Amino acid sequence: FKSAVPYLFLIGMMLTMYGQVDLLNRALELGDAMSVYPLFMAFWIVFGAIGGIVIFQGRVNSASAQVSYFAAFLLTLIG
């Protein structure tokens, strides 16, 4: 890497991962796993979808992008 930006992103990602694991462990110490883990996963999925919408919003204008996203959705749905 020639600039400091990728290193900053990597450090931020590592800090975020550590924070998520730490908070999940604290919640599992205080609460039941059957209520903590599904809630954690629900937030993970919702915020992941919101992040994807924000990032890819500018790329869905072309018809080829819409077709490829729909095909990727169908492949994901089929498994």
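**Figure 1. W44 and F40, a tilted pair of rings in a predicted model.** W44 is partly exposed in this predicted structure, with a relative accessible area of 48%. F40 is also partly exposed, and its relative accessible area is 24%. Both values lie in between the cut-offs, since buried means under 20% and exposed means over 50%. The two residues belong to helix α2, which covers residues 33-56. They are 4 residues apart there, or about one turn of the helix. A search of the whole structure finds 3 aromatic pairs. In the pair of F40 and W44, the ring centres are 6.1 Å apart and the planes meet at 40°, so the pair is classed as tilted. An angle from 30 to 60 degrees is what places a pair in that class.

**Figure 2. F43 and F47, a stacked pair in helix α2.** How far apart are the ring centres of F43 and F47, and at what angle do their planes lie? The centres are 6.0 Å apart and the planes are at 15°, so this pair is stacked. Planes under 30 degrees apart count as stacked. F43 and F47 are 4 residues apart in helix α2, which puts about one helical turn between them. F43 is partly exposed, at 47% relative accessibility. F47, at 52%, counts as exposed, because the cut-off for that class is over 50%.

**Figure 3. An aromatic cluster of three residues.** Y37, F40 and W44 form one aromatic cluster. Two of its members, F40 and W44, make up the tilted pair of Figure 1.

**Figure 4. The largest pocket and its lining.** The largest pocket has a volume of about 190 Å³. Which residues line this pocket? They are Q20, L23, L24, A27, V36, L39, F40, F43 and W44. Helix α1, residues 5-30, and helix α2 each supply at least two residues of this lining. The most comes from α2, with 5 residues. By type, the lining divides into 8 nonpolar residues, 1 polar residue and no charged ones. F40 and W44 from the tilted pair are among the lining residues. F43, from the stacked pair, is also part of the lining.

**Figure 5. The protein chain around these views.** The secondary structure of the chain comes to 3 helices and 0 strands. From the N terminus on, the elements run α-α-α. The radius of gyration is 18 Å, well over the 12 Å that the globule rule gives for 79 residues, so the chain is more spread out than a compact globule. Along its principal axes, the C-alpha trace spans about 50 × 40 × 20 Å. How much of the chain counts as buried? Of the 79 residues, 4% do. The chain exposes about 7000 Å². Carbon and sulfur atoms supply 75% of that area.

Terms used:
Residues numbered from 1 in each chain as written. Predicted model: local features only at pLDDT ≥ 70, side-chain atom pairs only at ≥ 80, totals over all residues. Heavy atoms only, no water. Phe/Tyr/Trp six-rings, centres within 6.5 Å; stacked < 30°, edge-to-face > 60°. Buried < 20%, exposed > 50% of the residue type's maximum accessible area, 1.4 Å probe, protein only. 1 Å grid on protein atoms, 1.4 Å probe; cavity = no way out; pocket = protein on both sides within 12 Å on 5 of 7 lines; lining within 4 Å. Points joined across faces, edges and corners; volume = space filled by probe spheres on them. Nonpolar A, V, L, I, M, F, W, Y, C, P; charged D, E, K, R; others polar. Rg over C-alpha atoms; globule rule 2.2 N^0.38 Å. Areas by Shrake-Rupley, 256 points an atom, 1.4 Å probe, with all protein chains shown as cover.
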